[in-house]
Amino acid sequence: MTFSQEHQNLNTQEALVANKVYRMDEYDGLDSAAFKQEFPNGYYSIFNEEGLVIKANNYYSYDFSGEEPKHDEYINYSFYDENDQRIGFIQQFTKGDEPFRIISLKSISEDEETVQYASIEPSFLGYKVEFDKRDYNAVMSSVGDTVEITPTHHRAYGVRDSSFMLDIFYSRTSGLIDSTIYHNKCLGKVRSEKCQSKFFYTYDENGNIVSKRMESHSNTSEINPYRVRTASYNEKGLVETLETNYRSSSINDREVRKFVYTFREED
C-alpha cells in the first residue's frame, strides 16, 4: 500500500498562522523505523506566514513483478497571489533526466469572471503545452452559497452539479459545527454509485477542537462506514495523530500517522 500525505487538510489556516508553523512532518506511527528506510525524507509540507503550503514532497510508488517496490520522490511548489489564491504550480522529481513533470500558471480576470490556465505536462511525444479558459465560480468553488434549512442545519449545493451537497449541522448550545455530510458521486465509479463523507467534531470546554472523525460511506459497500479516520489535536489546535481503520472484509487494516512541527522563531 502506498503511503501518501494525509495532513494537508487537517489543520486550519488560522491554526497554522496562530502557531507560526513553518514545517509539518508526517510519519508512520506504527513502524517509524521501517517507514524512514522506505521513505528517507519522510513526508513534509512547508508553509508561508499566511499558513499556505509553498513546498511539499510526496512519492510516486511502483513495483515490478518479483521486485521490491520503488518510490520516486517529487516536490510540489505552490505560488499565490495577494488574495491567497494559488496561481502557480511546479512539480519536480528529485531524480531523473526529466525532473519537471508539471508547470502551470493561472490568471484570474480583474472582474473575477474567468480563469485562464497555461500548463506544460509530459506526454508520449515529449512535453505538451495546453491553454484553457474557464468560468471563475465553477473553478474556485465546489459548492455554492449556504442556505438555512433550520437554525442548526445549513446546506450548500454544488456549483456545477446539484447532486453534490454539503449539509452542515450546528450544536444548539455552543453554536459550533457538530457534524457535516458531503454527498457526492464516488470518484472513478459509475454514476449510480453515491457516496457520503461524514465528519464529526468534538471540542473542549473552551471550544477548541479535540478530535475529528471522518467516515466514508457508499451505497454499494457491504459495510458502512467502510473506512473511519480519527484525527486527534493538541492544545494548540494542531493535529497530532491520524488513525485510519479499513472495515470491509477485503481490507481489514489499521494505519496510524503521527505529525511533528517546526515553528518560526519569535521576532
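Me: Which residues form one aromatic cluster with F35?
Reply: This is a predicted model, where local features need pLDDT of at least 70, side-chain atom pairs count only at pLDDT 80 or more, and totals for chains, interfaces and linings use all residues. Residues are numbered from 1 along each chain as its sequence is written, and side-chain values use heavy atoms, with hydrogens and water left out. Rings of Phe, Tyr and Trp (its six-membered ring) pair if their centres lie within 6.5 Å; planes under 30 degrees apart count as stacked, over 60 as edge-to-face and the rest as tilted. The cluster joins F35 to F39, Y43 and Y59.

Me: How many aromatic pairs does this rule give?
Reply: A pair of aromatic rings is described by the distance of the centres and the angle of the planes. Here the count is nine.

Me: Why is the pair of F35 and F39 tilted?
Reply: The ring centres lie 5.2 Å apart. The planes meet at 40°, so the class is tilted.

Me: Is F39 buried or exposed?
Reply: Buried means under 20% relative accessible area, exposed over 50%, partly exposed in between (1.4 Å probe, protein chains only). F39 has 3% relative accessibility. F39 is therefore buried.

Me: What aromatic pair do F39 and Y59 form?
Reply: Their centres are 4.9 Å apart. The angle between the planes is 65°. The pair is edge-to-face.

Me: Which residue lies over the face of Y117?
Reply: A charge sits over a ring if NZ of Lys or CZ of Arg is within 6 Å of the ring centre and within 35 degrees of the ring normal. At 4.6 Å from the ring centre of Y117 lies R134.
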